[in-house]
Amino acid sequence: MQQQRIHFTQKLGELRMQLIRMAALAEQAVRAATRAYLENDTDLAESVVMNDTAINDMEDAIDAFNLELLALDQPMACDLRFIIGSMRLTVNLERIGDECVNLAHRTLFLSTRPPLPPNARMERLCVHVQEMLAKAIRAFVEEDTALAGEICAMDHTADELSLKVLKEAINTMVDETRIVERSVHVIMASRHLERIGDLSTNLAEAVIFIKEGQNVKHRCKG
């Protein structure tokens, strides 16, 4: 019995390392996608699209690993919480990858049009969501629920920045109809960034669930 428990603990450690590797891939994707957008780097944007398969493959592998743990090892309550929490983490990390791909596609489209003036709010939003994701990953690695809780407030800032980008783009479209199409893509890009912030908040909520058993989903929105 003790040997089985040791073996199961080793499997949980392996699951944890897989989650950290997937989180690292998602973080790399966010950094690459935001840099590609801000610098109008089409090669980097294309690499984000191509590399998304690695995140998808990680999700599939972790899902299969979790199902095996549930089916064969009959985990105890705290272990079950970790497995369920890891499922939440992988879903949101995969969606972050998808939003990075969406942002990369916006970059590729905008690269075919005359450049828009620099947008300070978009630059702030890019940096802000990078910080949100980095904190969420650190909270998981360090099992730091206090740090996870900070991300909720950061999500409100991301929402506010995205709204300001929207309002600014609308005003620009009213003043100069020639850039309506590009402005719409800027609005959609800000929405992708906002979603990355939302998904990072979901990661933080999963960390709190794993560590404390509290379901804090939806409490940050309102």
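N40 is partly exposed, with a relative accessible area of 41%; buried here means under 20% relative accessible area, exposed over 50% and partly exposed in between, with a 1.4 Å probe and protein chains only. N40 sits in the loop between α1 and α2. Its phi is near 55°, a positive value in a residue other than glycine. E143 has a positive phi of about 55° although it is not a glycine, and it belongs to the loop between α4 and α5. At 41% relative accessibility, E143 counts as partly exposed.

This is a predicted model, in which local features need pLDDT of at least 70 and side-chain atom pairs count only at pLDDT 80 or more, while totals for chains, interfaces and linings use all residues. Residues are numbered from 1 along each chain as its sequence is written, and side-chain values use heavy atoms, with hydrogens and water left out.

The helix names follow DSSP runs numbered from the N terminus (helices are H or I, at least four residues; strands are E, at least two). The loop of E143 joins the two helices taken up next. Helix α4 covers residues 120-142 and helix α5 residues 145-175; their axes come within 9 Å and cross at roughly 160°. Axes are lines fitted to C-alpha atoms, for helices over the stretch in contact, and angles run from 0 to 180 degrees between N-to-C directions. The crossing angle makes α4 roughly antiparallel to α5, a label for angles over 145 degrees (under 35 is roughly parallel, 65 to 115 roughly perpendicular, the rest oblique). The crossing of α4 and α5 is left-handed, that is, the near helix is turned anticlockwise from the far one by less than a right angle; clockwise would be right-handed. The contact of α4 with α5 has 12 nonpolar, three polar and nine charged residues. In this classification, Ala, Val, Leu, Ile, Met, Phe, Trp, Tyr, Cys and Pro are nonpolar, Asp, Glu, Lys and Arg are charged, and the others, Gly among them, are polar.

Two further helix pairs can be described in the same terms. The axes of α2 and α3 are 9 Å apart, and the helices pack at an angle of about 165°. That makes α2 roughly antiparallel to α3. The crossing in which α2 passes α3 is left-handed. Their contact has 16 nonpolar, eight polar and six charged residues. For α3 and α6, the axes come within 9 Å and cross at roughly 165°, which makes α3 roughly antiparallel to α6. This crossing of α3 and α6 is left-handed, and the residues of the contact divide into 19 nonpolar, eight polar and 10 charged.

In soluble globular proteins, nonpolar side chains tend to be buried together. The largest nonpolar core of this model has 59 residues, and those with the most contacts inside it are L15, I96, C100 and M122. Such a core is a set of buried Ala, Val, Leu, Ile, Met, Phe, Trp, Tyr and Cys residues joined through side-chain atoms within 4.5 Å. At least two residues of this core come from each of α1 (2-39), α2 (42-72), α3 (77-110), α4, α5 and α6 (180-212). Its largest share, 13 residues, comes from α1.

Individual residues show some of the contacts, where contact means heavy atoms within 4.5 Å. Not counting residues up to four places away in sequence, M122 touches Y37, V165, V186, A189, S190 and L193. A29 lies in helix α1 and counts as buried at 13% relative accessibility. With the same sequence neighbours left out, A29 touches V48, I55 and C100. A29 and E99 are 70 residues apart in sequence, yet their C-alpha atoms are 9.4 Å apart in space.

Polar and charged side chains can be followed in the same way. S162 lies in helix α5 and is buried, with a relative accessible area of 5%. Beyond residues up to four places away in sequence, S162 touches L125, S190, R191 and E194. The last of these, E194, lies in helix α6. E194 is buried too, with a relative accessible area of 14%. Leaving aside its neighbours within four places in sequence, E194 is in contact with D159 and S162.
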